[in-house]
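Q: Please take a close look at one chain of this model, working from its interior outwards. I would like one connected account, with the partner chain brought in at the end.

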Amino acid sequence: MRFSIVASALLAYAATVLSAPSPSDFKVVNMLRTVDLMKAYVRDSSSFILENTSSEPKSSFYLAVNSSYFDDDETTPKLAMYEVKLKADDASTTPLEFEIAPEVNEDGMRLVEVALKTPLEVGSSQTIQLVTAVVRELSPIPKKIKQSEPQNLMWEGTKVSYMPYPIVKQRTKVKTADRPPNAYSKHIDDPLVEGTTLTYGPYNDVEPYAYDPILVKYEYNIPVIEVSKLERELWVSHTGGNLATEERYWLKNAGAELKDNFSRIRWQASTMARERTPALRSASVHLRPGVRDVYFTDEIGNVSTSNFRDDPRSPIMEIRPRYPIFGGWNYSFTLGWNHDLGRSLRSLVDSEGETVYVLRVPLIEGLMNVYYNEVEVSVVLPEAAEILSVESTYTDVTEERSLLFSHLDAVGRTVVKLKAKNMIDEQKRSELYVTYTLPSNGQYAKPMLVATALITVFFAVIVLGRIDISIGKTKTA
Amino acid sequence: MQLPTSLPPAAANALPLLRTLTLFTIAGAAIASRLFSVVRFESIIHEFDPWFNFRATKYLVANDFYSFLDWFDDRTWYPLGRVTGGTLYPGLMVTSALIFHGLKALTLPVDIRNICVMLAPVFSGLTAYATYLFTREMKDHSAGLLAAAFIGIAPGYISRSVAGSYDNEAIAITLLMFTFYLWIKALKLGSAFWGALTALFYFYMVAAWGGYVFITNIIPLHALVLVIMGRYSSRLYVAYSSWYALGTLASMQIPFVGFLPIRSSEHMGALGVFGLLQLVGFAVYVRARVPSKQFKVLVVGSVGALVVLGVAGIVGLTVSGVIAPWTGRFYSLWDTGYAKIHIPIIASVSEHQPTAWPSFFFDTFMLIWLFPAGVYVVFQELRDEHLFVIIYGILASYFAGVMVRLMLTLTPIVCVCGAVALSNILDIYTNLEKPVEEEEEKKEEKEEASPLKKATTSLIEDEASILSLGSMSKKPLIGVYSNWARGIVLGMFTLYLYMFVQHCTWVTSNAYSSPSVVLASQMADGSQHIIDDFREAYYWLRKNTAEDAKVMSWWDYGYQIGGMADRTTLVDNNTWNNTHIATVGKAMSSREEVSYPILRKHDVDYILVIFGGLLGYSGDDINKFLWMVRIAEGIWPEEVKERDFFTARGEYRVDAEATPTMKNSLMYKMSYYRFADVFGRQPAIDRVRNQRIPSPMQDASAAPIELSSVEEAFTSENWIVRIYKVKELDPFGREHAAATAFESGKKKSGARGRTAPVGGHAKGRARVLRV
């Protein structure tokens, strides 16, 4: 799927050296950028019109991404989502391939080469959409607050987009949740404040590589939930017609920590007054319709404080952790449920007359407004299933396969495990397709094995029961 | 039951199948009736000790057997640690681990917790089977089935074996009954094979429960009584010798038991009887070969010499310390007041209290009055094995009277005797043979046939005569053989049995099925509301404190903290070190200035107290406080005095009239810290003790409780669990009290500068409302 490391390094080198971006190649006609600070992570989306100003048709262009999104943490970079799309006139979009260069320039940025599907003719233009999501980038200010104090977060960004091309006109909007920001970078009457939105600009004729940092500090009385690990397991059972899902979460409130210790009496007062709080009191999990037998447990048993609302269209499991999760506090839990398999499984007969099953499940479900550092999704197929293909609409995953013996299995069941890093709740839309067949000869192995074992036991008992082990003659009392 | 002769052979052949089915049904009922807690709450480990067993089982499953035996646990009894592998009975954990690995080998995915939760119910099914076997040896199949049904649902046994009650007793009663059955079998057959099997189960029992000493003494006692009654036989010799030799050697393989069987006083009886049997056996052998005159001289001489030697030997060894002296727990078996005076820690456990009379009825219902009848019935026949039942019955009755928890060992024999008595009654009253004429003769025949029947028949006759009052007279159809008498007696007992089942179910459901980790309360609309404060706080500790944090609490909660919060504790339910427990008691009952150095010395990071005042949960630390004081006083009589915690009128109070010692104790302060604030301007009532806690908002003279060396870290939803964090040493080297006073003084003056005079607490309140 991917080039080897050497090849890609060479290619990247060639790309930067041979076709370094020339500022005169393109110009950005109109750039509208929206920074969404309403969630636990930063969602930055831009839409711009790119015009070819060079003398020849171009098949690729450049963007830039902050290098600090990568080297922050060895294992999990901060960049959770990077999508470049081409927007057609009829508003449909097609994703574009891109490659992030390893070199870091003097502004601390790394260039991204985006390949266009069809070369852009001289003088013509295209609408491009760029969506990025960055996690662990928002930091609480101050780091420690009192239990009754509001939580403030700080976002550090740029006023204009960092582009290797001139920008004719740019506007940057910063949206925050329910309250206008209480402190932000200001220059005379720039930005314009409308409700909870700051609008910087418009700026005209921005030079290439312009870098203009800004800070926004805003009140965020919502818990910043970081899921350090999510293990998700889906069991497919053909005999039971059931798809069992179990999710195990290890999470943490990454918001401002408590300055003093937790006071129950103050918490009771704030609960009574229905105050908004940066502590996680409860969370709603939207499940797919048709869900059954929902359970919510943790390492020491059932958590009784949950409430399942069985709305036929959108069932909601409202979970309340054992204790409110304040900044810096941890919690772990398990959430599980059952579905009828028929909702997720389709079967079709291929050209050779064999039945092929296609399982379609969401890659992740569960909590809203969170980000995941590590995600493991396992699909346990029925015994003796043979996998034809595993595909996920979220492509940045590594796949492992293993064999699991369970429930008196004779030949074992295949487990597909997909590992991903840095996902956000928005990627719930991603889907996972597993195509497999169930060869009939594998289906008889288990009953045969069990039957053989039982017959052996019976015979052993019959034979052993007839052996006389007494010393001397047995006397009957 | 003696099969009615009229039964066709096909039906007689079907009887074993019917018996098997009945036994399976009984086992099913036994298991099902223990599942109340799982159905009502969840699959959870109950109470205190089971949490340790569960933790140890998890350790065993994660590691191998030898590292389990070598397990040194540095997370308990900090800083001493505990040689856990050498100080526990591994039978329970090994059983669960074997089941776990067995299921794993069959690739059945069963959680170890569920195995532990379900172990006791499953073993109770086996107990029913063992009781059936045992009672069958005493009487017959039908008595066996009755006994199995009784033991299956008797509350006295259920109290220790509901699902989740993962304690040693859960499997010990099963093993007890199996061992007794095998012993009877070995004695009847005089078989070394059965004797060895007895030893094997005895070994399992030793591995599982400290109560094995009961077997160690009852079997020798049985043998001794048999010898004294002149019932010595080679069968007894073979059975006892093979059991004792193999069983003792095997029991010494358990690290915790080690050399106790040859060194402690509790085991001397078994050894003595073993020796006696050899002598008697030898004497019997010699008598067969020596003329009777010389033999008499020989016996008199050797018996005299042996008695002198034996007594001297035992006294000498006890004095020199080779044989361990009797332990306090042993003395408290004979003198119920002993523990209260000498070992408060034993007395502080509720299950070590003498049994109240009603609880006999509560735990066994009608069986308690069938029990003597059963003993009477076996007395009529008095075979060797019947003696065992009588001895067991007498001993167990005594012990059950001394200690509540020993009700458990009484229950099986009560069930056996009850079943024998009832089965006897049923035998007679369901016998359809009707001697219409020649009544007297037939009765006489019967009497000759069986002395047992004779006794009961006459007994029943008396009963029947009372029932039928004066109208009995001479009519043949009124009396024992009349259908009326049969109908009435059988009807009565059917009713009793029905009530027995009702009672057992009711008791199990209401008294013995609460996990005590989770509390249930009724909402206004009748629905169940779960109070889960313990797990809330334990889980908070588990997730939000340092992995190696040390938690101090009263010893009751040690096992739970270890199991659920997974943190190091200072003392726990093992209670092997009285001084260490007294240290905790002293820290709890002293002033902060005295406690703080103790806390520092033991590296305590958090203190956990249980407080029921807000909710009315009576098992809280303030109610247990006097035990802490007493135990601490036992070690430091000068520093902690129980009298100081009582008012001048000798009352134990926590309200405004509480003594200064009480009010200044760390436990009092931690329990009531900010408690009055919950009530605002209302009087702050402690719902457990129904006393009014001084509230600064109501009464200006009442100073709010201030803590200087510890600070509140977590309080659970209903305030049942309160966790305090021990402060570090003051960076400026001040006393904590001084530092706190300085801080609050500064704050107060600051506040005064800005606003109108507002007290510290009112300020906090205003802050809450502002957001």
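**A close look at chain B**

A: Start with a cysteine. Cys116(B) has a relative accessibility of 1%, so this residue counts as buried, the cut-off being under 20%. The model is a predicted one. Across all its chains there are zero disulfides. Cys417(B) takes part in none. The nearest cysteine sulfur to Cys417(B) belongs to Cys415(B), 9.6 Å away. A disulfide needs the two sulfur atoms within 2.5 Å, so that pair does not qualify. Cys417(B) counts as buried because its relative accessibility is 1%.

Now the chain as a whole. Chain B runs to 771 residues, and 51% of them count as buried. Its secondary structure comprises 34 helices and nine strands. Take the contacts in chain B with a separation of 6 or more: 70% of them join residues 24 or more positions apart. The domain assignment splits the chain into domain 1 (172–324), domain 2 (530–728) and domain 3 (732–771). The C-alpha centres of domain 1 of chain B and domain 2 of chain B are 51 Å apart.

Next, one annotated stretch. An unreviewed UniProt entry annotates residues 550–598 of chain B as "domain: STT3/PglB/AglB core". That span is 55% helix and 10% strand. Its end C-alpha atoms are 13 Å apart.

How many residues of helix H27 (residues 558–565) of chain B are buried? Eight of eight, so this helix is mostly covered, with buried meaning under 20% relative accessible area. They are Gly558(B), Tyr559(B), Gln560(B), Ile561(B), Gly562(B), Gly563(B), Met564(B) and Ala565(B). What do they pack against? Two helices of chain B take part: H3 (49–62) and H26 (533–544). Strands S3 (550–552), S4 (568–569) and S5 (606–610) of chain B complete the list. Just after H27(B) comes Asp566(B), with a positive phi of about 55°.

Further along sits a lysine. Lys586(B) belongs to helix H28 (residues 578–589) of chain B. Its relative accessibility is 10%, so Lys586(B) counts as buried. Set aside the neighbours within four places in sequence. Lys586(B) then contacts Val594(B), Ser595(B) and Ile598(B). Its other contacts are Ala632(B), Trp636(B), Glu639(B) and Val640(B).

Backbone geometry deserves a check. Most residues other than glycine have a negative phi, and most peptide bonds are trans. Some exceptions follow. Thr107(B) has a positive phi near 55°. Thr107(B) lies in the loop between H5 and helix H6 (112–138) of chain B. At a relative accessible area of 16%, Thr107(B) is buried, because the cut-off is under 20%. Trp719(B) has a positive phi too, near 65°. Its loop links strand S8 (710–715) and strand S9 (721–726) of chain B. Trp719(B) is buried, with a relative accessible area of 1%. There is a cis peptide bond as well, from Tyr78(B) to Pro79(B), with omega near 0°. Pro79(B) is in the loop between helix H4 (65–69) and helix H5 (91–105) of chain B.

Finally, the partner. Chain A and chain B bury about 3,200 Å² between them. Carbon and sulfur atoms carry 53% of that area. Arg264(A), Ile265(A) and Ile300(A) supply 22% of what chain A buries against chain B, more than any other three residues. The contact uses 32 residues from chain A and 31 residues from chain B. Five salt bridges are counted between the two chains. Arg322(A) and Asp532(B) form a salt bridge, with N and O 3.2 Å apart.

Chain A itself is assigned domain 1 (5–219) and domain 2 (225–443). Their contact involves 25 residues from domain 1 of chain A and 28 residues from domain 2 of chain A. These two domains bury about 2,300 Å² between them, 51% of it on carbon and sulfur atoms. The count of salt bridges between them is three. An unreviewed UniProt entry places a "transmembrane region" at residues 448–467 of chain A. That stretch is 90% helix and 0% strand, with its end C-alpha atoms 29 Å apart.

Key. Residues are numbered from 1 along each chain as its sequence is written. Chains are lettered from A and ligands numbered from 1 in the order in which they are written. This is a predicted model: local features need pLDDT of at least 70, side-chain atom pairs count only at pLDDT 80 or more; totals for chains, interfaces and linings use all residues. Side-chain values use heavy atoms; hydrogens and water are left out. UniProt positions are given in the numbering used here, feature names are shortened, and annotations may be inferred rather than shown by experiment. Helices (H or I, at least four residues) and strands (E, at least two) are DSSP runs, numbered from the N terminus. Buried means under 20% relative accessible area, exposed over 50%, partly exposed in between (1.4 Å probe, protein chains only). Domain bounds come from an automatic or database domain assignment. Contact means heavy atoms within 4.5 Å. Buried area is the accessible area (1.4 Å probe) that two parts lose on being put together, summed over both. A salt bridge is a side-chain nitrogen of Lys or Arg within 4 Å of a carboxyl oxygen of Asp or Glu.
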